[in-house]
Amino acid sequence: MAAHSIRVPAMWSPGRVATRPELQTPRASRGDSLQSPWETERPAKKLRSGPDEAEEEEEQRWKPPKRKVVLLVAYSGKGYHGMQRNAGSSQFRTIEDDLVSALVRSGCIPENHGEDMRKMSFQRCARTDKGVSAAGQVVSLKVWLIDDILEKINNHLPSHIRILGLKRVTGGFNSKNRCDARTYCYMLPTFAFAHKDRDAQDESYRLSAETLQRVNRLLACYKGTHNFHNFTSQKGPREPSARRYVLEMFCEEPFERDGLEFAVIKVKGQSFMTHQIRKMVGLAVAIIKGYAPESVLERSWGEGKVDVPKAPGLGLVLERVHFEKYNQRFGGDGLHEPLDWAQEEAKVAAFKEEHIYPTIVSTECRERSMAQWLSTLPVHDFSATALAAAGTGAKVPSPQEGSEGDGDTD
């Protein structure tokens with residue numbers, strides 16, 4: 001480490017060190033569970049007797065500058081109980097459990113910041129649900145800007161969690177509050193769109209151009225501002241927060257993986273509520289398959305309760321988060337980079353191809369989660385149930401309603 005000329009504080013005196021015997025013992029001997037190199041390499045305190053020794057001691061206590069940054073995070077969510085760390089619930093492993101451990105072990109943050117994430121001003125753009133993956137999650141926090149910081153963090157992470165980029169941001173930056181919009185994709189086998197009476201309901205099904213057009217016409221109906229209280233739980237029809245703005249939603253051209261045809265639905269919105277995207281996909285599939293009339297979509301935005309099925313979480317991926325307003329204000333000020341991650345796009349694409357898509361495909365082929373979920377659609381009553389619920393004001397629980405903890409996003 002390069003020598004630094006540091007002025008000794010006026011209030012410092014050699015006798016002050018001797019009054020704190022706990023500083024005589026290195027951290028490593030006091031049973032710490034997660035120790036960063038900045039702690040374990042710190043020498044035991046010794047009594048000093050002159051200004052030269054005082055400067056040397058202050059130099060040893062020097063830390064790299066702590067700055068507010070954002071990290072671009074990609075992960076496969078299979079086997080995790082969502083993104084957000086659950087204090088006091090260590091049996092439910094989350095992405096942040098592994099991430100915070102890596103930050104401490106790499107020397108980016110002190111151990112007590114890992115124990116209390118508020119001390120490093122940690123904030124995530126989106127809370128992804130159980131089993132949900134991300135290719136472009138962004139978190140903001142304060143870290144020590146050590147050399148080779150990304151390499152050191154990734155060395156302490158499993159291969160299915162990667163930090164793909166880092167950028168400096170303004171001191172008051174909050175990744176959740178500064179985020180203008182979020183883009184998700186939902187990957188599903190195309191036999192989910194097979195009509196229940198006319199088409200093959202298995203892996204031999206191939207999506208026709210005509211059916212794809214109908215799917216996209218239906219998905220386009222979600223665009224704009226609607227009352228999505230029927231697409232989440234514990235939201236009343238008159239709560240302002242149930243109104244959400246969807247910028248776009250469409251299905252891309254299908255492709256084959258391991259003999260099975262898949263398609264990807266993309267949806268971009270300002271924000272989404274718990275299970276909202278999975279229910280948007282679920283209702284669209286129910287309509288395309290012929291279990292529900294198209295009119296149920298318009299009715300779902302009214303005050304009456306509609307029984308909306310929730311598609312499996314396996315295929316949902318946080319694709320990208322957007323910071324247009326921040327970029328306009330700070331991206332060109334000469335001090336901060338715009339948060340567009342253009343240089344990291346190749347790494348994001350490679351991560352999806354290596355860790356996210358293969359996991360979705362192999363799990364679908366092995367566990368048949370979509371096929372099993374499709375078999376529950378006849379249980380839903382999209383007409384009488386909705387009318388009864390509207391008449392009584394009672395909440396009609398969906399057979400697929402669960403308590404999976406965190407939502408698709410905040």
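The UniProt annotation "active site", from an unreviewed entry, covers Asp-129; UniProt positions follow the numbering used here, feature names are shortened, and annotations may be inferred rather than shown by experiment. The model is predicted, so local features need pLDDT of at least 70 and side-chain atom pairs count only at pLDDT 80 or more, while totals for chains, interfaces and linings use all residues. Residues are numbered from 1 along each chain as its sequence is written, and side-chain values use heavy atoms, with hydrogens and water left out.

**Overall make-up**

- The protein has 14 helices and 10 strands; these are DSSP runs numbered from the N terminus, with helices being H or I of at least four residues and strands being E of at least two.
- Of its 410 residues, 49% count as buried, where buried means under 20% relative accessible area, exposed means over 50%, and partly exposed lies in between (1.4 Å probe, protein chains only).
- Among contacts with a separation of 6 or more, 76% join residues 24 or more positions apart; a contact means heavy atoms within 4.5 Å.

**Annotated residues**

- Asp-129 sits in the loop between strand S2 (123–124) and strand S3 (133–144).
- The relative accessible area of Asp-129 is 0%, so this residue is buried.
- Tyr-184 is covered by the UniProt annotation "binding site", also from an unreviewed entry.
- Tyr-184 belongs to strand S5 (residues 181–189) and is buried, at 0% relative accessibility.

**The largest nonpolar core**

- A nonpolar core is a set of buried Ala, Val, Leu, Ile, Met, Phe, Trp, Tyr and Cys residues joined through side-chain atoms within 4.5 Å.
- The largest one holds 107 residues, and Phe-193 and Tyr-222 touch the most other members.
- Helix H9 (residues 276–289) gives the largest share of this core, 9 residues.
- Domain 1 (63–177) and domain 2 (181–323 + 334–379) both contribute residues, so the core lies between them; the domain bounds come from an automatic or database domain assignment.
- In soluble globular proteins, nonpolar side chains tend to be buried together.
- Leaving out residues up to four places away in sequence, Tyr-222 touches Phe-228, Phe-231, Val-246, Met-249, Lys-279, Met-280, Leu-283, Ala-284, Leu-297 and Trp-301.

**Helix H9**

- 14 of the 14 residues of H9 are buried, so the helix is largely enclosed by the rest of the structure.
- The end C-alpha atoms of H9 are 20 Å apart, which agrees with the 20 Å that its 14 residues should span at 1.5 Å a residue; the expected span of a helix is 1.5 Å times one less than its number of residues.
- Gly-290 follows H9 and has a positive phi, near 95 degrees.

**Helix H4 and the loop before it**

- Helix H4 (95–106) comes after strand S1 (66–75), and Tyr-80 lies in the loop between them.
- Tyr-80 is buried, at 3% relative accessibility.
- Tyr-80 and Arg-93 are 13 residues apart in sequence, and their C-alpha atoms are 5.5 Å apart in space.
- Not counting residues up to four places away in sequence, the residues that Tyr-80 touches include Arg-93, Asp-98, Lys-130, Gly-131 and His-160.
- Lys-78 is found in the loop between S1 and H4 as well, but it is partly exposed, with a relative accessible area of 39%.
- The C-alpha atoms of Lys-78 and Gly-313 are separated by 9.6 Å, although the two are 235 residues apart along the chain.
- H4 itself is mostly covered, with 9 of its 12 residues buried, among them Ile-95, Asp-98, Leu-99 and Val-100.
- From its first C-alpha to its last, H4 reaches 17 Å, close to the 16 Å expected.
- Gly-107, just after H4, takes a positive phi of about 90 degrees.

**Helix H12**

- Helix H12 (residues 345–367) has 23 residues and reaches 31 Å from its first C-alpha to its last, close to the 33 Å expected.
- H12 has a kink of about 40 degrees centred on Lys-352; the bend at a residue is the angle between axes fitted to the seven residues ending there and the seven starting there.
- Buried residues of H12 include Phe-351, Lys-352, His-355, Thr-359 and Thr-363.
- Lys-78 touches Thr-359, Thr-363, Arg-366 and Glu-367, as well as Gly-131, not counting residues up to four places away in sequence.
- Arg-368 follows H12, and its phi is positive, near 55 degrees.
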